[in-house]
Amino acid sequence: MTPPRTTPGAARPPAAGTGPLRRMCWIFPDRESTRMAALWHPFFWDLYEEVAESLGMSWTRHAPEAVTVDGTVPGRPVVYVDDEAVSPRDTLFVTALYSLPYQSMDVFNQYALYAVLEQAGFYLPFPPRMSLIGNDKLATLLYLAGSPVPPIPSVRIGTGRDIAKHQYEVALGGMTYPAIVKPAGWCGGGGINLARSAEDLRGLASLAQGGDTTLVVQPYLGDGTVDYRVYVVDGEPYAVMKRIPEPGSPVANASRGGSMEFPPVPAELAAATAWFAERLPMPFFCVDFLFDGERFWFSELEPDGVIAPDFDDPRRTLQRDITRARFTAYRDAHATWLTNGGGPATPTPETERPTP
């Protein structure tokens with residue numbers, strides 16, 4: 001297991017001028033089944049809440065509709081989470097765009113709300129634009145063109161009522177098979193398939209048509225391809241999670257049967273982190289790389305990448321330490337943002353509302 005960059009369970013010293021951040025709100029579509037909620041809470045949600053509390057903050061998760069904004073006074077909005085007014089001085093919002101199939105009806109509401117929160121003057125650890133770039137796999141590769149670790153060659157194709165015309169095949173002349181075919185904006189290994197021919201791809205595209213799911217097509221890097229997720233905190237490679245597929249699977253995600261371990265950060269990926277950090281001015285993000293046995297490939301950007309548990313440690317020391325470092329980085333960045341004049345003066349309903 002990777003030695004943490006700080007002593008496990010110990011927070012870094014607060015930045016100068018640390019502000020009064022007391023609440024972190026995750027905006028997450030509230031459509032999980034009871035089975036999935038029971039899975040994810042002990043996997044990471046509960047630990048996030050526990051670590052935030054140890055830092056003197058609360059961690060809460062809310063559906064987009066839980067946020068209400070009173071904009072009747074121009075330039076002085078009041079934002080409520082459920083029925084409690086919150087202020088840019090004491091609250092930040094995590095605004096990753098989630099777009100799994102059961103969340104598709106929420107995508108517009110999510111993205112519109114993120115823009116509203118940004119305009120209302122709240123500190124967002126990654127702004128809506130970066131959430132959108134991180135959500136679409138080809139947008140990620142285009143935005144980070146020039147990466148010192150080469151990106152996986154990718155073709156993005158839309159699906160819909162005219163998919164039977166196969167017009168997307170104009171962009172596939174250089175594609176080799178077998179190929180990976182996956183949704184452009186899902187997560188967790190969902191929807192990833194192996195197409196062994198152009199005909200397989202046609203069949204997968206016709207299935208994707210049922211949900212207007214945009215696809216990404218990439219050459220398959222081979223059996224046993226390993227996935228490395230680098231956790232980047234304050235621009236530094238804090239730790240890495242190595243995901244290994246089970247035999248016969250083209251996907252290394254845990255949800256598809258892959259196993260996890262936490263080795264030292266490979267030197268090549270540690271060196272590349274500085275390049276990513278320059279272009280991603282965020283306190284925390286994850287970069288996913290694939291290793292085909294000979295070389296690394298840049299795969300994905302995850303602004304809100306899951307900090308998975310180190311199951312071989314009953315105390316989950318590394319998971320807890322990465323989470324603590326992430327939340328401390330959020331707190332310090334929020335404090336710096338306040339010091340630099342971030343956020344408007346947002347009134348409370350009791351003190352600064354206009355007289356009727």
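# Strands, helices and salt bridges: a guided visit

Visitor: Which residue in β15 stands opposite phenylalanine 289?

Guide: Helices (H or I, at least four residues) and strands (E, at least two) are DSSP runs, numbered from the N terminus. Two strands count as paired if DSSP finds at least two bridges between them, and β14 (residues 284–291) pairs with β15 in the antiparallel sense over six bridges. In β15, the residue opposite phenylalanine 289 is phenylalanine 298.

Visitor: From what number are residues counted along each chain?

Guide: This is a predicted model, where local features need pLDDT of at least 70 and side-chain atom pairs count only at pLDDT 80 or more, while totals for chains, interfaces and linings use all residues. Side-chain values use heavy atoms, with hydrogens and water left out, and residues along each chain, as its sequence is written, are numbered from 1.

Visitor: Which glycine takes a positive phi in the hairpin of β14 and β15?

Guide: This hairpin has four residues between its strands. One residue of the loop between β14 and β15 is glutamate 294, which counts as exposed because its relative accessibility is 75% (exposed is over 50%, buried under 20% and partly exposed in between, with a 1.4 Å probe and protein chains only). The positive phi, near 105°, belongs to glycine 293.

Visitor: Which edge strands pair on one side only?

Guide: The open sheet has five strands in the order β13-β12-β11-β14-β15, with antiparallel pairing. Each strand at an edge has a partner on one side only, and these two are β13 (259–261) and β15.

Visitor: What is the average twist from one strand to the next?

Guide: Strands of a sheet pair through backbone hydrogen bonds, either parallel or antiparallel. Here, β11 (residues 226–233) and β14 form an antiparallel pair over eight bridges, with tyrosine 231 standing opposite cysteine 286 in β14. From one strand of the sheet to the next, the twist averages 25°.

Visitor: Which helix packs on the sheet?

Guide: Look for a helix touching β11, β12 (236–244) and β14, where contact means heavy atoms within 4.5 Å. Its direction makes about 140° with that of β12. The helix, made of residues 317–339, is α7.

Visitor: Is α2 roughly parallel or antiparallel to α3?

Guide: Helix α2 (residues 107–119) and helix α3 (residues 128–135) pack at about 150°, with axes 9 Å apart. Axes are lines fitted to C-alpha atoms, for helices over the stretch in contact, and angles run from 0 to 180 degrees between N-to-C directions. Under 35 degrees is roughly parallel, over 145 roughly antiparallel, 65 to 115 roughly perpendicular and the rest oblique. The direction of α2 relative to α3 is therefore roughly antiparallel.

Visitor: How many residues of the contact of α2 with α3 are nonpolar?

Guide: Tyr111, Tyr114, Ala115 and Glu118 of α2 meet Pro128, Arg129, Ser131 and Leu132 of α3. Ala, Val, Leu, Ile, Met, Phe, Trp, Tyr, Cys and Pro count as nonpolar, Asp, Glu, Lys and Arg as charged, and the others, Gly among them, as polar. One residue of this contact is polar and two are charged, while the nonpolar ones number five.

Visitor: How many residues of α3 are buried?

Guide: The cover over the buried residues of α3 includes α2, α4 and β15. Those buried residues are Pro128, Met130, Ser131, Ile133, Gly134 and Asn135. Helix α3 is largely enclosed by the rest of the structure because, of its eight residues, the number buried is six.

Visitor: Which residue meets aspartate 106 in a salt bridge?

Guide: A salt bridge is a side-chain nitrogen of Lys or Arg within 4 Å of a carboxyl oxygen of Asp or Glu, and the structure holds 18 of them. In this one the N to O distance is 2.6 Å, and the partner of aspartate 106 is arginine 31.

Visitor: In which strand is glutamate 300?

Guide: The side chains of lysine 137 and glutamate 300 meet in a salt bridge at 4.0 Å, N to O. The two residues are 163 apart along the chain, with lysine 137 in helix α4 (residues 137–143) and glutamate 300 in strand β15.

Visitor: Which residues join Asp227 and Arg243 in one network?

Guide: Aspartate 227 and arginine 243 form a salt bridge, their closest N and O atoms 2.8 Å apart. Aspartate 227 is in β11 and arginine 243 in β12, so the pair ties together parts 16 residues apart in sequence. Through salt bridges that share partners, the network also takes in Arg229, Asp288 and Glu302.
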